[in-house]
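Thank you all for making the time this morning. I would like to walk through one model with you, going from its strands to its salt bridges and then to a few loop residues.

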Amino acid sequence: ARGEFTGWLPATLPNGFNYADGYALRFTLTARGGGTVTSQTITIAVGDGPVIDQLTLPSAVTAGGRFTVAWRTAGATRLRVLQGGQPVFDTQDTARVNDGSIELASPAAQTDFTVIASNAGGLDDTRTQTVRVVPAPTIDSFTLTANVSGSGAPTLAKWTTSNATRVKLRLENGAALADVSA
């Protein structure tokens, strides 16, 4: 089927939200036929400025690890990522500017990460988030009853950990036997 819509956008969204300049509007087209459904979404910015519609950045990362910065923008032609004020990523590739991600090494200490979406008119939308660095968890000790007599027999598991916020004990290919939060 072919179609088009020409009309005015409402002053408020269906949820009652009043949107303004710089807000990202999502339009979703859904097609049904032959027992299947498919959808496609396009995001546009209200007004002239670019918008960082979604930014995914962890608040804490493990020392020595890696993490992902992901974004979705509208109305932007360039996207930059700064780590502690220094550039670590810069692209003008439309697909990556609109919806992209990068993987970075964890910083050595707490650091501000800034994502800047720019458009050809020189307008920016900037988001900054502080990322804490936490030590990696370690298993300091883990012991089990030496022998188990068979199905239904009691067993004792003991462990100590450092820097862990959650510990799970599983039996091979099974559900968690213990799930402990610190």
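Let me begin with strand 9, residues 111-118, which is mostly covered, in that seven of its eight residues are buried. Please keep in mind throughout that what we have on the screen is a predicted model.

Strand 9 has a pairing partner in strand 6, residues 78-83, and the two run in the antiparallel sense over six bridges. If you would like a place to look along that pairing, Q83 stands opposite F113 of strand 9. Strand 9 also pairs with strand 10, residues 124-134, again in the antiparallel sense, and here the pairing extends over eight bridges. Within it, V115 has R127 of strand 10 as its bridge partner. Strands 9 and 10 together make a hairpin with five residues between them, and in that turn G122 takes a positive phi of about 85°.

Since R127 has come up, let me stay with it for a moment. R127 forms a salt bridge with D125, with 3.7 Å between the closest N and O atoms. How do the two partners stand with respect to exposure, D125 being at 15% relative accessibility and R127 at 33%? D125 counts as buried, because the limit for that class is under 20%, whereas R127 counts as partly exposed.

That brings me to the salt bridges more generally, and the count for this model comes to six. One of them joins R26 to D53, whose closest N and O atoms are 2.4 Å apart. R26 lies in strand 1 and D53 in strand 3, residues 51-56, so this pair ties together parts that are 27 residues apart in sequence. Both ends are partly accessible in the sense used here: R26 is partly exposed with a relative accessible area of 46%, and D53 is partly exposed at 21%. I would also point out that R26 and D53 do not stand as an isolated pair, since they are linked with R72 in a network of salt bridges.

Another of the salt bridges is the one between E103 and R66, where the closest N and O atoms are 2.6 Å apart. E103 belongs to strand 8, residues 99-105, and R66 to strand 5, so the pair ties together parts that are 37 residues apart in sequence. E103 counts as partly exposed at 48% relative accessibility, while R66, at 53%, counts as exposed.

Strand 5, which spans residues 66-74, also holds T73, and this residue deserves a closer look. Is T73 buried or exposed? At 4% relative accessibility, T73 counts as buried. What does its side chain have for polar company? A polar atom of the T73 side chain lies 2.7 Å from the backbone oxygen of V97. Leaving aside residues up to four places away in sequence, T73 touches V51, I52, D53, L79, V97, N98 and A117. You will recognise D53 in that list as the salt-bridge partner of R26.

Turning now to the surface, there is a nonpolar patch made up of L9, F27, I42 and I44, which together have about 360 Å² of accessible area. L9 sits in the segment before strand 1, residues 24-33, and at 43% relative accessibility it counts as partly exposed.

Finally, two asparagines in loops. N147 lies in the loop between strand 11, residues 138-144, and strand 12, and at 66% relative accessibility it counts as exposed. The C-alpha atom of N147 is separated by 45 Å from that of P107, a residue 40 places away along the chain. The second asparagine, N163, is found in the loop that runs between strand 12, residues 157-162, and strand 13, residues 166-170. Its phi is near 65°, which is a positive value in a residue other than glycine, and N163 counts as partly exposed at 46% relative accessibility.

To close, I would ask you to look once more at two places: the hairpin of strands 9 and 10, with G122 in its turn, and T73, whose contacts include V97 and A117. I am happy to go back to any of the views.

Technical notes. Residues numbered from 1 in each chain as written. Predicted model: local features only at pLDDT ≥ 70, side-chain atom pairs only at ≥ 80, totals over all residues. Heavy atoms only, no water. Helix = DSSP H or I, 4+ residues; strand = E, 2+ residues; numbered from the N terminus. Buried < 20%, exposed > 50% of the residue type's maximum accessible area, 1.4 Å probe, protein only. Polar contact = N/O pair within 3.5 Å; in protein donor to acceptor, adjacent residues only side chain to side chain. Contact = heavy atoms within 4.5 Å. Pairing = 2+ DSSP bridges. Patch = residues over 30% accessible without salt bridge, like charges linked within 9 Å, V, L, I, M, F, W, Y side chains within 5 Å. Areas by Shrake-Rupley, 256 points an atom, 1.4 Å probe, with all protein chains shown as cover. Salt bridge = Lys/Arg side-chain N within 4 Å of Asp/Glu carboxyl O.
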